[in-house]
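Hi,

Here is the structure I promised to pass on. Have a look at it first, and then read on for what turned up.

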Amino acid sequence: MFKNTFQSGFLSILCSLGSKPLQIWDKEVVNGHIKRPQDEDIQSNVLEIIGSNIQSTYITCPADPAATLGIKLPFLVMIVKNLKKYFTFEIQVLDDKNVRRRFRASNFQAVTRVKPYICTMPLRMDDGWNQIQFNLADFTKRAYGTNYVETLRVQVHANCRLRRIYFSDRLYSEEELPPEFKLYLPMQKS
């Protein structure tokens, strides 16, 4: 999808503020919903994914199961709200051995497990809004001893509220971030 796109700085794959936030995403909903409510904490539209079973309610990008993202930027950043329910997300990457590996982070898991094609790990979230930063190059190196090449797919399961998901070439301090990538948008002066 983004393989032939020049990639530096930031590359956003989801923003809850756009007119079609799930334009490049596919959704699967069983006994749940995907809505765009106004979040009272940040006074902004967000994407809410709720389901009774986290496995059967999720969004996945790219929408076409045969396509891949082709994103080479090694840092994944998610701005996500902790709804105090089970929540998990998964990133599929390609390494320099040409092997597809998956990293799954869940807030209900206690230990990290590394298997040949999937690494599952605990995710600790604070109350309210969180910025989850994922160093895919570091995780690939530590879990598999291989080098990160690109991200193929991102899947976010119930239960959460999302503001934005983006990739970056490095971790940026709050001051360095463009305004639209910060959690709290600056108030408009009238």
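**A buried pair and other findings**

Both Lys81 and Asp39 are buried. Keep in mind that this is a predicted model, so please read everything below as computed from that prediction.

Back to that pair: the side chains of Lys81 and Asp39 form a salt bridge, with 2.8 Å from N to O. Lys81 sits in strand β8 (residues 75-82) and Asp39 in strand β4 (residues 38-39), so this contact ties together parts that are 42 residues apart in sequence. The two also belong to a network of salt bridges, which links Asp39, Glu40, Asp41, Glu48, Lys81 and Arg161. In total, the structure holds 14 salt bridges.

Two others might be worth a click in your viewer. One joins Asp138 and Arg142, whose closest N and O atoms are 3.1 Å apart. Both residues lie in helix α1 (residues 136-144), and they are 4 residues apart, about one turn of the helix. How exposed is each partner? Asp138 is partly exposed, at 31% relative accessible area, while Arg142 is exposed, at 60%.

The other joins the side chains of Arg170 and Glu176, at 2.8 Å from N to O. Here Arg170 counts as partly exposed, with 36% relative accessibility, and Glu176 counts as partly exposed too, with 39%.

**The core**

Next, the nonpolar side of things. The largest nonpolar core has 40 residues, and the members that touch the most others are Phe89, Phe134, Val156 and Leu162. Strand β15 gives the largest share of this core, 4 residues.

If you want one residue to start from, try Leu162. Leaving out anything up to four places away in sequence, Leu162 touches Leu14, Ser16, Val46, Leu47, Ile49, Ile59, Met78, Ile79, Val80, Trp129 and Val156. One of those contacts, Val156, is also among the four core members named above.

**The cavity**

How many cavities of 30 Å³ or more does the structure hold? There is 1, and the space in the largest cavity comes to about 30 Å³. Its lining is made up of Val77, Gln131, Gln133, Tyr166, Ser168, Arg170, Leu171, Tyr172 and Leu177. Two elements give two or more residues to that lining: β13 (128-135) and β15 (160-168). Sorted by class, the lining has 5 nonpolar, 3 polar and 1 charged residues.

You may recognise Arg170 in that list; Arg170 is the residue that pairs with Glu176 in a salt bridge. Strand β15 also comes up twice, as a source of lining residues and as the element with the largest share of the core.

**One more residue**

Finally, a quick word on Asn135, which lies in strand β13. Is Asn135 buried, partly exposed or exposed? Asn135 counts as partly exposed, with a relative accessibility of 25%. Not counting residues up to four places away in sequence, Asn135 touches Pro74 and Phe75. From Asn135 to Ser168, one of the cavity-lining residues, the C-alpha to C-alpha distance is 9.8 Å, and the two are 33 residues apart in sequence.

That's the tour. Shout if you want to go through any of it together.

Cheers

Key
Residues numbered from 1 in each chain as written. Predicted model: local features only at pLDDT ≥ 70, side-chain atom pairs only at ≥ 80, totals over all residues. Heavy atoms only, no water. 1 Å grid on protein atoms, 1.4 Å probe; cavity = no way out; pocket = protein on both sides within 12 Å on 5 of 7 lines; lining within 4 Å. Points joined across faces, edges and corners; volume = space filled by probe spheres on them. Nonpolar A, V, L, I, M, F, W, Y, C, P; charged D, E, K, R; others polar. Core = buried A, V, L, I, M, F, W, Y, C linked by side-chain atoms within 4.5 Å. Buried < 20%, exposed > 50% of the residue type's maximum accessible area, 1.4 Å probe, protein only. Contact = heavy atoms within 4.5 Å. Salt bridge = Lys/Arg side-chain N within 4 Å of Asp/Glu carboxyl O.
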